[in-house]
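Colleague: I would like to learn how to read a few features of a structure, one at a time. Could you take me through them with the general idea ahead of each case?

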Amino acid sequence: MKISLFIPCAVDALLGDVGMDTVYLLSSLGFEVVYHEQQTCCGQPAISAGYLDLARDIAKRFIEIFENDEVIVSPSGSCVNTIKNDYAKILQDEPDWQQRALTLGERVFEVSQYLVDQAGIEDVNASFGGRIAYHKSCHLLRALGIDEQPQKLLAKVKGAEVVALNGAEQCCGFGGQFAIKYPLISEAMVRQKTGNFLQTGAQRLIVSDPGCLLNISGYLHRHHPQLKAQHIVSFLAENMNGGVS
Amino acid sequence: MKAHPQDFIPTMQTEVAKTDQITFMNQVGAIFGYLSSACLAQMEDPLKAREQSIAIRENTLNNLPFLLEEFERNAVQNGIEVLWAADAAEACSIIKDLVVKHDVHLITKGKSMISEEIDLNHYLQEELGVKIFEGDLGELIVQMRGIPPFHIVGPAINLNVQQIAQTLVDNIGMEYTENAGEIAGHVRNFLRQQFAGADMGITGVNVAIASTGSIVLAENEGNIRWSTSAPRVHVAIMSLEKVAANLTDGLHILEMQSRSCTGQGITSYVSVLSGPRDEGERDGPEKMYVVILDNGRSQIYQDTFLRQALKCIRCGRCGTACPIYLTAGAYPYGWCYPGPMGTILSPLLLGLDDTYHVYEACTLCGGCESVCPAGIKHVELIHRYRAMKAEGDKNFKATKNPALERNAFKGWATAVKNPVLFRNSVNMIRYFLGSRQEGYASSLPGPLKSWSDHRDLPVAEKTFHRYWAELQNNMESARREAAAQLDKKGGLDNE
Ligand code: SF4
């Protein structure tokens with residue numbers, strides 16, 4: 001099975017390792033991974049900031065690049081939501097394009113969603129001795145309704161004890177531009193999030209979106225360097241025993 | 001309450017420094033969230049109940065003009081006088097005229113957001129010097145302290161018992177006590193005297209019933225019932241979207257409101273008021289008025305997309321699901337509608353320029369819309385407000401975003417559409433992020449400084465693009481090597 005990778009700009013620029021972990025995870029599971037080198041950004045920042053005219057052009061470009069792929073997978077629920085849900089909205093005055101956006105949207109998946117719902121894989125044959133907690137990234141949980149899928153993957157990691165996190169579904173305070181524009185609110189929010197994580201006594205906080213990872217791991221590195229946040233893809237890739245069990 | 005959402009930033013700075021308040025409010029959020037979910041789950045079919053409340057609100061909006069006319073007709077038949085106010089100023093002056101006409105000296109109030117919206121208390125006190133007392137305990141405390149309500153049903157929820165006790169010592173001569181029961185007793189005695197002497201009661205309206213011409217009021221303390229039954233005159237103010245077709249619809253809305261808000265199946269008191277005291281009746285006001293306020297709503301109504309903001313039933317559930325509200329509190333919103341309710345209402349009612357930070361300071365996490373019993377799509381609306389602001393929508397008082405921001409976005413969009421330019425920009429940005437240790441940059445330049453003032457930024461050693469290219473190269477050379485090996489072997493074999 002051939003999977004076309006969509007690597008969001010934040011992953012490309014700052015979290016290249018997460019991108020590579022996605023490649024590793026998927027190829028270890030037997031998928032053939034392709035990557036269109038002309039891809040850039042899905043345009044979410046423009047939609048969030050209200051520059052819809054700019055976003056429309058970017059969306060069309062994105063559609064052109066990906067629409068011939070059978071399956072597109074990305075390690076970011078937030079960007080997948082942009083393509084799946086926002087594109088059709090911003091292109092509503094151009095029915096042809098809107099239709100193309102909808103057709104494409106049906107084939108775009110967040111990694112855990114793809115593995116569990118489409119490929120039927122829950123056990124990636126990974127093991128980890130220790131406690132982990134799971135933060136429910138907003139756009140995965142509420143915009144895409146992805147809740148069980150990442151947790152199923154984690155539950156199947158041998159030896160890993162998944163502990164409950166207070167306020168797991170509460171936003172970590174990233175919000176893209178928000179973190180730059182309202183640093184004080186953003187900081188108070190990530191302090192709250194990491195505070196809850198500290199209380200769990202777990203070693204790792206697993207997240208599913210690059211935005212949350214930048215924010216939470218950046219905050220932990222500054223204030224609690226002994227603790228670590230990790231993208232679910234990296235966590236699985238790092239602890240895989242090779243091949244599907 | 002004068003609107004000042006323009007002061008969002010300084011107010012927010014003060015509020016986020018209150019770390020105890022943040023911790024406390026997060027607990028409040030968790031508790032209210034739990035109570036409400038548990039209470040909704042007890043319904044026979046919670047999903048259907050929500051669909052029903054959404055359908056009721058949509059039906060109201062689809063038939064708003066007719067329902068309002070029907071309500072007026074029936075209310076008038078019940079002996080209620082219905083008065084229409086185009087804006088806050090007109091509503092205030094209508095009520096002022098009523099105060100004068102009925103020779104009113106003392107007013108008691110039922111907690112009402114709409115009276116906050118038109119800033120009625122200040123207006124009447126300043127214009128006429130009448131005495132006004134809020135009848136709701138929390139609202140009374142907030143009124144005495146001269147601060148805005150922090151939460152729609154818990155206006156003083158952010159104050160601790162010492163602050164509350166001291167306020168009552170200072171204002172109604174209570175003997176200092178921190179015993180909640182005693183405090184409530186003191187306030188009850190104080191308020192009873194006011195209710196007994198009041199000439200006019202002013203309340204809001206939870207739902208107006210078109211088919212019967214009644215208004216419905218929900219509360220837990222009984223003060224609203226006092227205010228609507230003891231004084232000679234009762235004035236109810238409602239915004240025009242509060243109407244429901246019939247009692248069944250109206251009571252369902254009320255039920256969803258109380259389940260979502262306080263986690264109660266229904267509030268302790270529900271009053272259905274269908275007119276003043278009739279001849280021969282012993283209780284109730286001699287005169288009853290309903291003031292229907294527009295204040296910008298018909299303009300919102302005209303836009304079929306924005307109209308959904310009027311579906312709000314003011315349950316406040318969104319607030320306890322909003323991390324911005326739980327963190328920065330109610331005050332930065334600068335008006336009577338705190339939290340996501342304000343995020344969707346204030347920009348349309350006050351204009352997009354003045355409320356910029358209200359809809360901008362949002363991570364679009366969608367917590368609000370996931371719990372909203374009216375089915376409002378907050379994220380979609382906020383996206384639209386930002387787009388209206390960017391384009392400078394005159395109807396809702398927006399000037400275009402500053403050229404600097406527009407141009408920055410334009411430049412970024414150009415790069416996004418051009419992969420070569422994009423790679424170069426990414427590399428340049430990575431260069432400017434400065435030195436890294438253990439894969440983290442900790443002092444960022446320019447506007448990014450606000451990030452690194454509070455946290456580090458993970459920066460992988462290479463871009464994905466580079467990693468990928470290297471992987472392809474490695475695979476290519478491995479393939480070549482393998483091919484060469486094979487050739488060599490083949491050659492040997494051939495020998
Ligand atoms: S927006 Fe929805 S959740 Fe918030 S107060 Fe209105 S009805 Fe309630």
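Colleague: Where in the protein is the space taken by the ligand, and how does that space rank among the cavities?

Modeller: The model is predicted, and in this model the ligand takes up the second largest cavity. A cavity is space where a 1.4 Å probe fits but cannot get out.

Colleague: Which residues are around the ligand?

Modeller: Chain B supplies a list that includes Cys312(B), Ile313(B), Arg314(B), Cys315(B), Gly316(B) and Cys318(B), and that goes on with Met341(B), Cys372(B), Pro373(B), Ala374(B), Ile376(B) and His378(B). By residue class, the shell divides into nine nonpolar, two polar and one charged.

Colleague: Where does Arg314(B) lie, and is Arg314(B) buried or exposed?

Modeller: Arg314(B), one of the residues around the ligand, is placed in the loop between α13 (297-302) and α14 (317-320) of chain B. Buried means under 20% relative accessible area, and Arg314(B), with a relative accessible area of 8%, is buried. In its backbone, phi is near 55 degrees, which is a positive value in a residue other than glycine.

Colleague: Which residue in the loop between α6 and α7 of chain B should I read in the same manner?

Modeller: Take Asp119(B), which is found in the loop between α6 (113-117) and α7; Asp119(B) is not a glycine, yet has a positive phi of about 55 degrees. With a relative accessible area of 10%, Asp119(B) is buried.

Colleague: How do I read the burial pattern of helix α7 of chain B, and which of its residues are buried?

Modeller: The idea is to look down the helix axis and ask over what arc the buried residues are spread. In α7, which runs over residues 120-128 of chain B, the buried residues are Leu120(B), Asn121(B) and Leu124(B). They fall within an arc of 105 degrees when seen down the axis of α7(B), so they line one face of the helix. Just after α7(B) comes Gly129(B), with a positive phi of about 65 degrees.

Colleague: What contact does the side chain of Glu360(B) make?

Modeller: For a contact of this kind, one reads the distance between N or O atoms, with 3.5 Å as the limit. The side chain of Glu360(B) makes a polar contact of 2.8 Å with the side chain of Lys181(A), a residue of chain A. Glu360(B) lies in helix α17 (residues 356-360) of chain B, and Glu360(B) is buried, with a relative accessible area of 9%.

Colleague: Which side chain does Ser36(B) contact, and at what distance?

Modeller: The side chains of Ser36(B) and Arg317(B) are joined by a polar contact of 3.0 Å. Ser36(B) belongs to helix α2 (residues 19-41) of chain B, and at 1% relative accessibility it counts as buried.

Colleague: How far apart are Met174(B) and His186(B), in sequence and in space?

Modeller: Here one sets the sequence separation beside the C-alpha distance: Met174(B) and His186(B) are 12 residues apart in sequence and 6.6 Å apart in space. Met174(B) has its place in the loop between α9 (161-172) and α10 (180-197) of chain B, and Met174(B) is buried, with a relative accessible area of 4%.

Colleague: How many helices and strands are there in chain B?

Modeller: Chain B has 23 helices and 13 strands. Of its 495 residues, 55% count as buried, and its C-alpha atoms fill a box of roughly 125 × 50 × 50 Å along the principal axes.

How values were computed. Residues are numbered from 1 along each chain as its sequence is written. Chains are lettered from A and ligands numbered from 1 in the order in which they are written. This is a predicted model: local features need pLDDT of at least 70, side-chain atom pairs count only at pLDDT 80 or more; totals for chains, interfaces and linings use all residues. Side-chain values use heavy atoms; hydrogens and water are left out. A residue is near a molecule or strand if one of its heavy atoms lies within 4 Å of it. On a 1 Å grid over the protein atoms alone, a cavity is a set of points where a 1.4 Å probe fits but cannot get out, and a pocket is an open set with protein on both sides within 12 Å along at least five of seven lines; lining residues have an atom within 4 Å of a point. A molecule sits in a cavity or pocket if more than half of its atoms lie within 2 Å of its grid points. Ala, Val, Leu, Ile, Met, Phe, Trp, Tyr, Cys and Pro count as nonpolar, Asp, Glu, Lys and Arg as charged, and the others, Gly among them, as polar. Buried means under 20% relative accessible area, exposed over 50%, partly exposed in between (1.4 Å probe, protein chains only). Helices (H or I, at least four residues) and strands (E, at least two) are DSSP runs, numbered from the N terminus. The arc is that of the directions from the helix axis to the C-beta atoms. A polar contact is a pair of N or O atoms within 3.5 Å; within protein, one must be able to donate a hydrogen and the other to accept it, and residues adjacent in sequence count only if both atoms are side-chain atoms.
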